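Please look over the sheet, the helices packed on it and the backbone outliers of this model. A short report follows.

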Amino acid sequence: MGNRELLKKNLKSRSFRLNLLFFVIFCLFTLLIIRLGLVQIVFGESYSKEVSRLDATVVSLPAPRGKMYDRHGQVIVDNEGMDAVAFSEEPGMTTEDKIEVTRKLAKLLSLEKESYKERDLKDYWLAAYPDEAEKLLKEKELSLTGKEQYALQIERVPETALKEIEEKELEEAIIYKRMTSGYMYEIQTIKSEGLTLEEMATVSENLSYLPGVEIITDWNRIYPFGEMLKPVLGSVTTAKQGILEERSNYYLSRGYSRNDRVGKSYLEYQYEELLHPNKGQKKYVTDRSGNVVDEVIVSEGSRGMDLRLSINADLQKEVEKILEEEIRDAKAGKGNNLLDRAFVVMMHPYTGEVYSIAGKMINQENRSELLDYSVGAFASQYEMGSTVKGATVLAGYQTGAIKHGSYFYDSPIYLAGAKPKSSWKNFGSLNDLKALEVSSNVYMFHTVMKMAGVNYVAKAPISVQQEDYTRLRNIYKQFGLGVSTGVDLPNEATGFQGVPDNPGLLLDMAIGQYDTYTPLQMAQYVSAIANGGMRVKPHLVASVHEPISEQGLGPVVQNIETEVLNRVLNTDEDLARVREGFYRVVNGSNGTAKGSFTMDVSGKTGTAQTYYYGPDRSKWGQATYNLTFVGYYPSENPKVAFSVVVPWASNDKHPVNKRIANRVAEAFIKYEEQRAIEIPTNVEGEEALLTEAQ
């Protein structure tokens, strides 16, 4: 009996577990049926659409470029949002659809005439009149590829058709050109500049009838300081222009679109890859038939990197004002009818940071107006006169032609078959320091004749070889004269080297009246003397910053380090000797700049006898003077080095160069001295710069 009861108990337990299993399976099937019902009945339509979506097209949206700030955080170049009518080809659009949109937009927008090519008119005609375009092909040509057929049609578009487009449909042709100027699905700006509120409202009201057209926010550059330094800051292409054609492969290989705005000159061009924005993105989702079923903003985009310039905006503004006032004053002087420009470059002699780079030039069409010609400070060159004599004396030291304290007798030099060459007065016996103080030409003549191995005898011929010019030029290059300064700007001039045809020209070169140099080269040259012999690379960008939404500079991405290009091959004693000479120019009893400065400046004056070769060709060849000055402040451990260049004065008596120099030094003291960078100890390539300079 015990075994039978145990068996019954086991059977009953198994039956219960089987029933429980069947119940669980029943519940699972019930849940599955309910789920299937929900999928098919409740969410079926939605899921069906999701399944039918096959493609997603992403287009780019405009975003602002990076800003530019001055060295103290003032915005110099900013962005301003502006509404724009834009077009991006929707998936599935045909040529006929685009022509229809083109014609509707032409009725809603007023476009200014712009340059166009005959090919633009032909492309529009072939798209707008497909039936007539087809008749341009012969029957046997219908078997050619589409590309081959199109090439034949382009050649055969009738001239009468093009004239009719120019007369009646030019706006349509221009709009069609803008709509199709980029890759498929790229956003093309149809009109932004000059878009009126009425036009924007009208287009907005008709967007449902204008597939692919939308109102977007485009961006334009604005300048809080007006025209100040605008040429050097550079310009940006318009949406119509897009990328620079000559560099299209470069831009396209870096992910640019054809209609992207890019920097086309100077700082905007030089730092394009940093300033270029991270564009926003919009995604179009299409179904199997190519119909757009959804639009999604993937990213709003962000502006490009911000640049902090080394320029002091307040100082720059003051320097430009000084130039304008002094040019007008000099022009008012008797006979100064050819003087039409002046330049100033101010830089930190140890770091190369450019505080101010200014140029003003009289507008030849409206002579009461002065234009910004700041680019001329590094892109135009002039004979600089006696300001180069510091380099000539140092060349004499380098080659052993003269020593510290060497004497020459200053009286006219007589070369066979040439006019006498002399200083502005006969100084008699003088040494190197006195020669710099009084600006003796004859001392420099004897120095370079010694360098060339010439034993001077009055009225006897002298023998000077091409290598003598090369030797002197190579020493000048150590200071930056006649070579690229390395500044972070494109299109820098390096000066003009004359081709000598008589020995006396070597003497002219020694006093700055033969080869030509730029105002920026002169600032680099005097910096090398001021800082103890380092040719420092000048630069206008001090640091790169991440963009932030608030006003002001974001975190630093990169600091532009000081770069020493070369060490001048003179001893510390040589350079100190020339600095003593420069001090005497301003402070000595016979200095050529005595009484010209209200602060502790050392420097060198210059007057180059030259000929006018400016914009008024009718005056070419007239005798003129270039008035110059190079200097630094203060004389010990200077905080700023500067050059002043005033070409084509009618006489050498007007002190315009010294007046400008004094006023810009005063402006530096007012706007920058208390903020000026201390002499750095981390100069790349020369750890001993500070010690050597002091």
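In strand β11, residue L370 is the bridge partner of I362. The model is a predicted one. Strand β10 covers residues 354–362 and is joined to β11 by 3 bridges. The two strands run antiparallel.

**The sheet**

The pair β10 and β11 belongs to an open sheet of 6 strands. The order is β11-β10-β9-β20-β19-β18, with antiparallel pairing. Which strands form the edges? They are β11 (370–372) and β18 (602–611), and each of them pairs on one side only. From one strand to the next, the twist averages 15°.

**Helices on the sheet**

Helix α23, residues 656–671, packs on the sheet. Helix α23 touches β9, β10, β18, β19 and β20. The direction of α23 makes about 150° with that of β20. Helix α21 lies across β9 (341–347), β19 and β20. The angle of α21 to β20 is about 140°.

**The α21 and α22 contact**

Helix α21 spans residues 519–530, and helix α22 spans residues 572–587. Their axes come within 9 Å and cross at roughly 115°. That angle makes α21 roughly perpendicular to α22, because the class runs from 65 to 115 degrees. On the α21 side, the contact is made by Y525, V526, A528, I529 and A530. On the α22 side, L575, V578, R579 and F582 take part. How many of these contact residues are nonpolar, and how many are charged? The contact has 8 nonpolar residues, no polar ones and 1 charged.

**Backbone outliers**

Two residues other than glycine have a positive phi. The table sets them side by side.

| Residue | Phi | Loop | Relative accessibility |
|---|---|---|---|
| K459 | about 65° | between α18 (441–451) and α19 (466–478) | 62% |
| N637 | near 45° | between β19 and β20 | 34% |

Are these residues buried or exposed? K459 counts as exposed, because its 62% is over the 50% cut-off. N637, at 34%, counts as partly exposed, because that class lies between 20% and 50%.

The loop that holds N637 runs between β19 and β20. P634 is found in the loop between β19 (623–633) and β20 (640–649) as well. A cis peptide bond joins Y633 and P634. Its omega is about -15°.

Conventions:
Residues are numbered from 1 along each chain as its sequence is written. This is a predicted model: local features need pLDDT of at least 70, side-chain atom pairs count only at pLDDT 80 or more; totals for chains, interfaces and linings use all residues. Side-chain values use heavy atoms; hydrogens and water are left out. Axes are lines fitted to C-alpha atoms, for helices over the stretch in contact, and angles run from 0 to 180 degrees between N-to-C directions. Helices (H or I, at least four residues) and strands (E, at least two) are DSSP runs, numbered from the N terminus. Angles under 35 degrees count as roughly parallel, over 145 as roughly antiparallel, 65 to 115 as roughly perpendicular and the rest as oblique. Contact means heavy atoms within 4.5 Å. Ala, Val, Leu, Ile, Met, Phe, Trp, Tyr, Cys and Pro count as nonpolar, Asp, Glu, Lys and Arg as charged, and the others, Gly among them, as polar. Buried means under 20% relative accessible area, exposed over 50%, partly exposed in between (1.4 Å probe, protein chains only). Two strands pair if DSSP finds at least two bridges between them.
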